[in-house]
Amino acid sequence: LEMEADLRRAVLRHEFQLRFQPIVRLATGEISGLEALVRWQHPERGMIPPLDFIPLAEETGMIVPIGEWVLREACRQAAHWNRQRPEDQWLTVSVNLSAVQLDRTDLPDVVNAALTDSGLPAHRLVIELTESLLVDHRQETLERLHAIKDLGVRLAIDDFGTGYSSLAYLRRFPVDIIKIDKSFVDDVGDVPAAAALTLGIIQLGQALQLSTVAEGIEDAGQLSELADGNCELGQGYYFAEPLTTDAMQELLFPAD
Ligand code: G
Ligand code: G
Ligand code: MN
Ligand code: NA
């Protein structure tokens, strides 16, 4: 209960921050995009990770204003960085969406306003949906996702392969990107079954003309397996952990 009051205050006092993790093109090593990940800078308890407050934020509906802030701030920051880069090197920014946000009829308007106000082109925004979020979907959810896609925004399935009917979602939802769950990537270098499944997911993506992103790459062995298998993109501690805005600025523009 105390935490709930703290969370309400945090929204009013703007106590949230974003971290940005690079998403790398595996064939070349260039940064193609960023995933925005929220943190709560609590005045007494310090930095609180999302897993420790997102569930409460979802229960209380506070995820709606928090999620809107994340979306707006991610678009604003990505547009700012893109303006300093040649247009053929513009970055995408990926934002995680909660089921509670997807239940809101105004979500397409909220997304559109974030794009318009930031100047970020719609095709540079990726919205990440987890399979668990898609499990209890209703018809309106599907229509809302199509309305967001009609803006030009791209959709990713996060944690792909961990749900109980991953393949069904690929038919039912208008997704553009598969994010291969870290649990597959962890074992890709040394467990033959994990390697076979991972390569199978990559080939599935290629057959459906979807981008594939491997999550949680931590070493060179995993990277070479994935690159050899023609996985398009990857993210993980091997490249960089989620970085503060200042650290990401330094990574993107080292000379300045
Ligand atoms: O940032 P970290 O690596 O600790 O993220 C942990 C989890 O929190 C991930 O599953 C991630 O998808 C989720 N998460 C991070 N930022 C956000 C956000 O802005 N909104 C939602 N709904 N989930 C987020
Ligand atoms: O949205 P999603 O559940 O995919 O969030 C990504 C989560 O994975 C975040 O909590 C992020 O900090 C974490 N993460 C990103 N790269 C790595 C990695 O290489 N190893 C580990 N253990 N976690 C990672
Ligand atoms: Mn994600
Ligand atoms: Na994930």
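The shell around ligand 1 in this predicted model divides into 7 nonpolar residues, 2 polar residues and 1 charged residue. Its members are Leu37, Val38, Arg39, Pro50, Leu51, Ile54, Val70, Asn96, Leu97 and Ser98. Strand S2, which spans residues 31-42, supplies the largest share of this shell, with 3 residues. The space that ligand 1 takes up is the largest pocket.

Polar contacts to ligand 1 involve both backbone and side-chain atoms of the protein. A polar backbone atom of Val38 lies 3.1 Å from a nitrogen atom of ligand 1. In the side chain of Arg39, an N or O atom is placed 2.7 Å from an oxygen atom of the ligand, and an oxygen atom of ligand 1 is 3.2 Å from a polar side-chain atom of Asn96. Taken alone, ligand 1 exposes 500 Å², of which the protein buries 73%.

Asn96 also takes part in metal coordination. The manganese ion (ligand 3) is bound through OD1 of Asn96, together with OE atoms of Glu35 and Glu128 and OD of Asp158, at 2.0 to 2.4 Å. Along the sequence, the spacing of these donor residues follows the pattern E-x60-N-x31-E-x29-D. Asn96 belongs to strand S4 (residues 92-96) and Glu128 to strand S5 (residues 125-130), so this pair of donors ties together parts that are 32 residues apart in sequence. A sodium ion (ligand 4) lies 4.4 Å from the manganese ion (ligand 3), and Asp158 bridges the two.

Two of the manganese donors, Glu35 and Asp158, recur in the surroundings of ligand 2, as the following contacts show. Ligand 2 is surrounded by 13 residues, the closest of which are Gln21, Asp158, Glu215, Glu218 and Tyr237. By class, the shell around ligand 2 comprises 3 nonpolar, 4 polar and 6 charged residues. An oxygen atom of ligand 2 is located 3.2 Å from a polar side-chain atom of Glu35. The side chain of Glu218 places an N or O atom 2.6 Å from a nitrogen atom of the ligand, whereas Tyr237 contributes a backbone N or O atom at 2.7 Å from an oxygen atom of ligand 2. Taken alone, ligand 2 exposes 520 Å², and the protein buries 70% of that area.

Ligand 2, too, sits in the largest pocket, the space that is taken by ligand 1. Within this arrangement, Asn96 makes a polar side-chain approach to ligand 1 and is a donor to the manganese ion (ligand 3). Glu35 is likewise a donor to the manganese ion, and a polar atom of its side chain approaches an oxygen atom of ligand 2. Asp158 bridges the manganese and sodium ions and is among the residues closest to ligand 2.

Notes: Residues are numbered from 1 along each chain as its sequence is written. Chains are lettered from A and ligands numbered from 1 in the order in which they are written. This is a predicted model: local features need pLDDT of at least 70, side-chain atom pairs count only at pLDDT 80 or more; totals for chains, interfaces and linings use all residues. Side-chain values use heavy atoms; hydrogens and water are left out. A residue is near a molecule or strand if one of its heavy atoms lies within 4 Å of it. A polar contact is a pair of N or O atoms within 3.5 Å; within protein, one must be able to donate a hydrogen and the other to accept it, and residues adjacent in sequence count only if both atoms are side-chain atoms. Accessible areas come from the Shrake-Rupley method with a 1.4 Å probe; for residues, only the protein chains shown count as cover. On a 1 Å grid over the protein atoms alone, a cavity is a set of points where a 1.4 Å probe fits but cannot get out, and a pocket is an open set with protein on both sides within 12 Å along at least five of seven lines; lining residues have an atom within 4 Å of a point. A molecule sits in a cavity or pocket if more than half of its atoms lie within 2 Å of its grid points. Helices (H or I, at least four residues) and strands (E, at least two) are DSSP runs, numbered from the N terminus. Ala, Val, Leu, Ile, Met, Phe, Trp, Tyr, Cys and Pro count as nonpolar, Asp, Glu, Lys and Arg as charged, and the others, Gly among them, as polar. Donors are N, O and S atoms within 2.8 Å of the metal (3.2 Å for Na, K and Ca); water is not among the atoms, so sites may look incomplete.
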